[in-house]
Structures are given as C-alpha cells and as structure tokens.
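Please open the model in your viewer and keep the selection panel handy. We will go from stop to stop, with a note on what to select at each one.

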Amino acid sequence: MSCEALETIVKSCDNNSGGIEKIWINQQDNIDDFTLDGTNTWTINDINLVAGAPDYTAFEIRRNTGSYTEDAAIDLVNGSSYVTATINLMFHRRDQDKSQSIKILGAGQQYLNAIVKDMNGKYWYFPYLQLSAVGEGSGTTRADGSKYSVTLIAENDFLAYEITSAAVLAVI
C-alpha cells in the first residue's frame with residue numbers, strides 16, 4: 001500500500017533562470033511559526049515572528065554569485081531520509097563591516113533561517129541553517145578583487161517551501 005498518491009509534474013513553458021537574486025536572513029529563534037496555504041501544503045502564506053523580534057536582514061550579493069542546492073539522502077534499508085540544503089553566497093570587497101556581519105552569522109553556531117528570491121522571481125524558505133564555512137581572501141591579481149565566500153547548511157525533513165510575496169513583504 002502506498003503512503004501517498006502520486007502527483008503529476010507538468011513541463012513548464014516559462015523561461016528558467018538559475019541563481020539567487022536576493023536573500024534575507026533571521027535567527028531561527030525569532031520565528032514563532034508559519035502558515036501553509038490551505039489548498040497547497042507546500043506554499044507558505046504567512047510567517048509569524050516572535051513578539052518584538054526584528055524583521056529579516058537583507059544580505060546583498062552581486063549577480064551570478066549565489067546559489068542553493070537541495071540534496072536528498074534516502075536510506076532504503078533504514079527507511080530514513082532527509083534533505084541537505086546548502087546556500088553559497090559571495091560578498092565582494094572585503095571590509096570590517098562585512099567581517100563583523102559574517103562573524104555574527106556564525107556566533108554560537110546559532111540556527112538561522114533564510115528567505116531566498118531566485119532568478120525566476122520565486123521565494124523559498126530555508127529553516128534551521130547554520131554557517132558552516134567562510135573562505136576566500138585578497139585574490140592574486142588586481143582583477144581578482146577581494147571577497148568572502150559564505151556557506152550555510154541545513155538538514156531538514158523536506159525541500160524548501162515556496163513562500164508568497166505577500167508573506168515576504170510582511171517580514172522584510
């Protein structure tokens with residue numbers, strides 16, 4: 001007997017672009033809960049922040065410097081599965097303000113969550129992220145420029161939820 005009925009995937013005729021356009025990050029402890037669309041259980045209609053919690057913080061990146069991946073680990077023997085979400089960001093031109101912001105992201109190995117706007121104009125919600133790596137440096141040649149690379153990783157039971165633009169606008 002099947003656990004759930006299969007659902008169709010239709011071929012899209014829309015243009016498809018890769019990459020991240022924008023990202024907003026908040027501490028996971030600042031999220032009280034979120035509400036899923038009643039007709040579509042994979043779309044978030046509303047994010048409720050804890051009373052007095054700050055809105056999401058924007059992290060600005062340049063075009064073609066951010067991406068996310070979601071890789072499922074499915075163990076057929078044990079019957080367990082989870083999804084590893086990885087967000088990679090590049091921040092150009094090293095300076096003290098960026099160093100401080102990155103340090104705060106990783107402080108205490110805290111849990112974070114992010115709203116990502118992809119280059120197709122879709123918003124995605126990634127809970128329980130942690131800063132797992134920071135790299136880069138001055139570059140070798142003048143044309144290299146200095147930069148930071150930042151990696152956020154989460155392990156969840158599900159792929160990222162799509163989130164409505166109205167819900168995003170309410171918390172940014």
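Which residues does Ile87 touch, not counting residues up to four places away in sequence? Select Ile87 and find out: its contacts are Ile20, Ile23, Ser67, Tyr68, Ala114, Val116, Phe126, Leu129, Val150, Thr151 and Leu152. Keep in mind throughout that this is a predicted model.

**Stop 1: the cores**

Now widen the selection around Ile87. This residue belongs to the largest nonpolar core, a set of 22 residues. Ile87 is listed there with Ile23, Ile25, Leu89, Phe91, Phe126 and Leu129 as the residues with the most contacts inside the core. To see where the core residues come from, colour strand 1 (20-27), strand 6 (80-92), helix 1 (96-106), strand 7 (112-118), strand 8 (123-135) and strand 9 (147-156); each of these supplies at least two of them. Another core, of 13 residues, lies apart from this one. Select Ile31, Ile44, Tyr123 and Ala167, which are among its members.

**Stop 2: strand pairing**

Two of those residues lead on to the next selection. Show strand 2 (residues 31-36) together with strand 3 (residues 43-49): the two pair in the antiparallel sense, over 5 bridges. Pick Ile31 and look across to strand 3, where Leu49 is its bridge partner. Next, add strand 10 (residues 161-163), which pairs with strand 3 in the parallel sense over 2 bridges. Here Ile44 is the residue to pick, as it stands opposite Ile163 in strand 10. With the side chains switched on, a general rule helps: in a regular strand they alternate between the two faces of the sheet.

**Stop 3: salt bridges**

How many salt bridges does the model hold? The count comes to 3. As background, side chains of opposite charge can pair when their charged atoms come close.

- Select Lys117 and Glu21. They form a salt bridge whose closest N and O atoms are 3.6 Å apart. The pair links distant parts of the chain, with Lys117 in strand 7 and Glu21 in strand 1, 96 residues apart. Lys117 has a relative accessibility of 17%, so it counts as buried, while Glu21, at 34%, counts as partly exposed.
- Select Asp95 and Lys98. Their side chains meet in a salt bridge, 2.9 Å from N to O. Asp95 is partly exposed, with a relative accessible area of 31%, and Lys98 counts as partly exposed at 26%.
- Select Glu162 and Lys122. In this salt bridge the closest N and O atoms are 3.4 Å apart. This pair also links distant parts of the chain: Glu162 is in strand 10 and Lys122 is in the loop between strand 7 and strand 8, 40 residues apart. Glu162 is partly exposed at 23% relative accessible area, and Lys122 counts as partly exposed at 37% relative accessibility.

**Stop 4: aromatic rings**

Show the aromatic side chains next; there are 7 aromatic pairs by count. Zoom in on Tyr111 and Tyr128. Their ring centres are 5.8 Å apart and their planes stand at 80 degrees, so the pair is edge-to-face. Tyr111 sits in the loop between helix 1 and strand 7, and Tyr128 in strand 8; the two are 17 residues apart and link distant parts of the chain. Tyr111 is partly exposed, with a relative accessible area of 45%, and Tyr128 counts as partly exposed at 42% relative accessibility. Then select Phe34, Tyr125, Phe158 and Tyr161, which form one aromatic cluster.

**Stop 5: two loop residues**

Which loop holds Arg93? Go to the loop between strand 6 and helix 1. Phi of Arg93 is near 65 degrees, a positive value in a residue other than glycine. Arg93 is exposed, since its relative accessible area is 64% and the cut-off for exposed is over 50%.

Finish at the loop between helix 1 and strand 7, where you will find Gln109. Gln109 is not a glycine, yet its phi is positive, about 50 degrees. At 63% relative accessibility, Gln109 counts as exposed.

Terms used. Residues numbered from 1 in each chain as written. Predicted model: local features only at pLDDT ≥ 70, side-chain atom pairs only at ≥ 80, totals over all residues. Heavy atoms only, no water. Core = buried A, V, L, I, M, F, W, Y, C linked by side-chain atoms within 4.5 Å. Buried < 20%, exposed > 50% of the residue type's maximum accessible area, 1.4 Å probe, protein only. Helix = DSSP H or I, 4+ residues; strand = E, 2+ residues; numbered from the N terminus. Contact = heavy atoms within 4.5 Å. Pairing = 2+ DSSP bridges. Salt bridge = Lys/Arg side-chain N within 4 Å of Asp/Glu carboxyl O. Phe/Tyr/Trp six-rings, centres within 6.5 Å; stacked < 30°, edge-to-face > 60°.
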